[in-house]
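Here are a few exercises to work through with the structure open in your viewer. Try each task before reading its solution.

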Amino acid sequence: CAHRLGIGIPNIYIKGTPEMNAYTYASDDTSPLLVLYTGIVDRMTPGELKVVIGHECGHIHNQHLVYETVIHKILTGATGLTGNIIFSAANMSLMHFWTRAAEVTADRAAIICADNFEDVISVNAKLASGGTLNTTYQKTMDVDAIYEQLLMTLDNPTRLLEIQRDHPAFARRVFCSKE
């Protein structure tokens, strides 16, 4: 993944916890650090793990942590100076919008690193279910039905629920991956 994206090979650490999570620490792309929780390592196939690592390498490649840190410092500093809750909420919504976009960008980097698209869909399904889906269901998941779910969500007020989330909704991630 690092070679495909043109970044330094990350040091990978496995954190002994059952959660399905991974993250990166990187201020540049020459000596990045990638952390995988054992929960994700234990529940992913080798191809799916490559997708997860590709996603995190996408964050490194695009220097998301640098931008996220700067934005966070600006927002928390501005909030501290003004004390205005409305100002803070509006800015946090913008921050969440940016982080959702960064997640989609990292998902697209994962596609570049993936050996096949089925692993991308399978990772999304496992993350959405907490890793409880069985292999048979993952192989038969209807991406078009998920797209229809996204369209229904966009046509009603539930679309507003995503505003305060820092990750896109499952259906949006699948659709963005499909494009």
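**Exercise 1: placing a histidine**

Task: In this predicted model, find the helix that holds H59, decide whether H59 is buried or exposed, and list its contacts beyond the neighbours within four places in sequence.

Solution:
- Start with the element: H59 sits in helix α3.
- Next, check the accessible area. For H59 the relative value is 11%, and the cut-off for buried is under 20%, so H59 counts as buried.
- Now look around it. Leaving out neighbours within four places in sequence, H59 is in contact with T24, H64, A102, E103 and A106.
- Finally, pick out the polar partner: the side chains of H59 and H64 make a polar contact at 2.8 Å.

**Exercise 2: reading the sheet**

Task: Work out the strand order of the sheet, say which strands stand at the edges, and sort the side chains of β2 by face.

Solution:
- Lay out the strands. There are 3 of them in an open sheet, ordered β1-β3-β2, with mixed pairing.
- Go to the edges: β1 (11-15) and β2 (22-25) have a single partner strand each, so one side of each lacks a neighbour in the sheet.
- Add the geometry: from one strand to the next, the twist averages 20°.
- Zoom in on one pair. β2 and β3 (residues 33-37) run antiparallel to each other, paired over 4 bridges, and A22 has L36 of β3 as its bridge partner.
- Then sort the faces. In a regular strand, side chains alternate between the two faces of the sheet. Along β2, A22 and T24 point to one face and are buried, while Y23 and Y25 point to the other and are not buried.

**Exercise 3: inside the core**

Task: Find how many residues the largest nonpolar core has, which element gives the most to it, and what V52 touches.

Solution:
- Begin with the count: the largest nonpolar core has 22 residues.
- Look for the best-connected members. L36, I40, M44, V51, V52, I53 and C57 have the most contacts inside this core.
- Trace them to elements: two or more residues come from each of α1 (2-5), β3, α3 (46-61), α5 (85-113) and α6 (117-129). The top contributor is α3, with 6 residues.
- Take V52 as a probe. Not counting residues up to four places away in sequence, V52 touches A22, L36, I40, M44 and V123.
- For background, nonpolar side chains tend to be buried together in soluble globular proteins.

**Exercise 4: salt bridges**

Task: How many salt bridges does the whole structure have, and which residues are joined into one network?

Solution:
- A search of the whole structure turns up 3 salt bridges.
- One is R4 with D115, whose closest N and O atoms are 3.9 Å apart. R4 is in helix α1 and D115 in the loop between α5 and α6, 111 residues apart.
- Another joins K50 and D115 at 2.9 Å, N to O. Here K50 belongs to helix α3, and the partners are 65 residues apart.
- Combine those two: shared partners join R4, K50 and D115 into one network.
- Compare exposure within the network. D115 is exposed at 53% relative accessible area, R4 is partly exposed at 48%, and K50 is partly exposed at 24%.
- That leaves K126 with E48, closest N and O atoms 2.5 Å apart. K126 lies in α6 and E48 in α3, so this pair ties together parts that are 78 residues apart in sequence. Both K126 and E48 are buried.

Key. Residues are numbered from 1 along each chain as its sequence is written. This is a predicted model: local features need pLDDT of at least 70, side-chain atom pairs count only at pLDDT 80 or more; totals for chains, interfaces and linings use all residues. Side-chain values use heavy atoms; hydrogens and water are left out. Two strands pair if DSSP finds at least two bridges between them. Axes are lines fitted to C-alpha atoms, for helices over the stretch in contact, and angles run from 0 to 180 degrees between N-to-C directions. A nonpolar core is a set of buried Ala, Val, Leu, Ile, Met, Phe, Trp, Tyr and Cys residues joined through side-chain atoms within 4.5 Å. Buried means under 20% relative accessible area, exposed over 50%, partly exposed in between (1.4 Å probe, protein chains only). Contact means heavy atoms within 4.5 Å. A polar contact is a pair of N or O atoms within 3.5 Å; within protein, one must be able to donate a hydrogen and the other to accept it, and residues adjacent in sequence count only if both atoms are side-chain atoms. A salt bridge is a side-chain nitrogen of Lys or Arg within 4 Å of a carboxyl oxygen of Asp or Glu.
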